[in-house]
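This report describes the protein chain shown below. The account moves from the overall form to the surface and then to individual residues.

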Amino acid sequence: MSFNKVSRDLLDMLLFAIVNIWDVVQSIIFIGGFIVCIMLPVVWPMKFVYMTVWFITAWAISKLVDRLEEYRKKGKNIN
């Protein structure tokens with residue numbers, strides 16, 4: 001086996017693990033972040049600002065994982 005084949009297989013396994021773990025953890029992070037934002041010891045208007053920042057961050061991470069999944073699927077179609 002060449003180094004290129006081994007590195008591609010390791011990358012594929014890593015991407016598979018990230019995508020499948022993210023499917024489970026995404027809902028926990030989303031709801032947990034919302035609850036933490038409500039419990040922050042700040043005035044109410046800032047809680048909404050923090051919730052907005054949290055939702056944008058969670059959305060961006062979700063899109064990143066979706067792109068990794070598309071990359072993994074595209075790599076499987078080539079081989």
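The structure is a predicted model. Helix α1 is the home of F30, a residue that is partly exposed because its relative accessible area is 38%, between the limits of 20% and 50%.

**Overall form**

The chain contains two helices and zero strands. The helices are α1, covering residues 3–39, and α2, covering residues 44–78. Along the principal axes, the C-alpha trace spans about 60 × 20 × 15 Å. The radius of gyration is 18 Å, whereas a compact globule of 79 residues would have a value near 12 Å.

Of the 79 residues in the chain, 14% are buried. The chain exposes about 6,400 Å², and carbon and sulfur atoms supply 73% of that area. Among contacts with a separation of 6 or more, 56% join residues that are 24 or more positions apart.

**The nonpolar patch**

Which residues form a nonpolar patch on the surface? The patch is formed by F30, I31, F34, I35, I38, M39, W44, F48 and F55, and together these residues have about 880 Å² of accessible area. Both α1 and α2 supply at least two residues of the patch. The largest share, six residues, comes from α1.

The table gives the relative accessible area of several aromatic residues in this patch.

| Residue | Relative accessible area | Class |
|---|---|---|
| F30 | 38% | partly exposed |
| F34 | 33% | partly exposed |
| W44 | 49% | partly exposed |
| F48 | 47% | partly exposed |
| F55 | 31% | partly exposed |

**Aromatic pairs**

A pair of aromatic rings is described by the distance of the centres and the angle of the planes. In this chain the count comes to three aromatic pairs. In one of them, the rings of F34 and F55 have centres 6.0 Å apart and planes at 20°, so this pair is stacked; the cut-off for stacking is under 30 degrees. Because F34 lies in helix α1 and F55 lies in helix α2, the pair ties together parts that are 21 residues apart in sequence.

Another pair consists of W44 and F48, whose ring centres lie 6.0 Å apart. The planes of these two rings are at 40°, so the pair is tilted. W44 and F48 are separated by about one helical turn, because they are four residues apart in helix α2.

Which residues do ring pairs link into a cluster? The cluster consists of F30, F34 and F55. Each of these three names also appears in the list of residues that form the nonpolar patch.

**A buried residue in α2**

Is S62 buried or exposed? S62 counts as buried because its relative accessibility is 12%, and the cut-off for a buried residue is under 20%. This serine is placed in helix α2. When its neighbours within four places in sequence are left aside, S62 is in contact with W22 and Q26.

**Summary**

The predicted chain has two helices and zero strands, and both helices contribute to the nonpolar patch on the surface. The stacked pair of F34 and F55 links helix α1 with helix α2, while the tilted pair of W44 and F48 lies in helix α2. S62, also in helix α2, is buried.

Technical notes
Residues are numbered from 1 along each chain as its sequence is written. This is a predicted model: local features need pLDDT of at least 70, side-chain atom pairs count only at pLDDT 80 or more; totals for chains, interfaces and linings use all residues. Side-chain values use heavy atoms; hydrogens and water are left out. Patches are made of residues with over 30% relative accessible area and no salt bridge: like charges are joined within 9 Å, nonpolar side chains (Val, Leu, Ile, Met, Phe, Trp, Tyr) within 5 Å. Accessible areas come from the Shrake-Rupley method with a 1.4 Å probe; for residues, only the protein chains shown count as cover. A salt bridge is a side-chain nitrogen of Lys or Arg within 4 Å of a carboxyl oxygen of Asp or Glu. Buried means under 20% relative accessible area, exposed over 50%, partly exposed in between (1.4 Å probe, protein chains only). Contact means heavy atoms within 4.5 Å. The radius of gyration is taken over C-alpha atoms; the globule rule is 2.2 Å times the number of residues to the power 0.38. Rings of Phe, Tyr and Trp (its six-membered ring) pair if their centres lie within 6.5 Å; planes under 30 degrees apart count as stacked, over 60 as edge-to-face and the rest as tilted.
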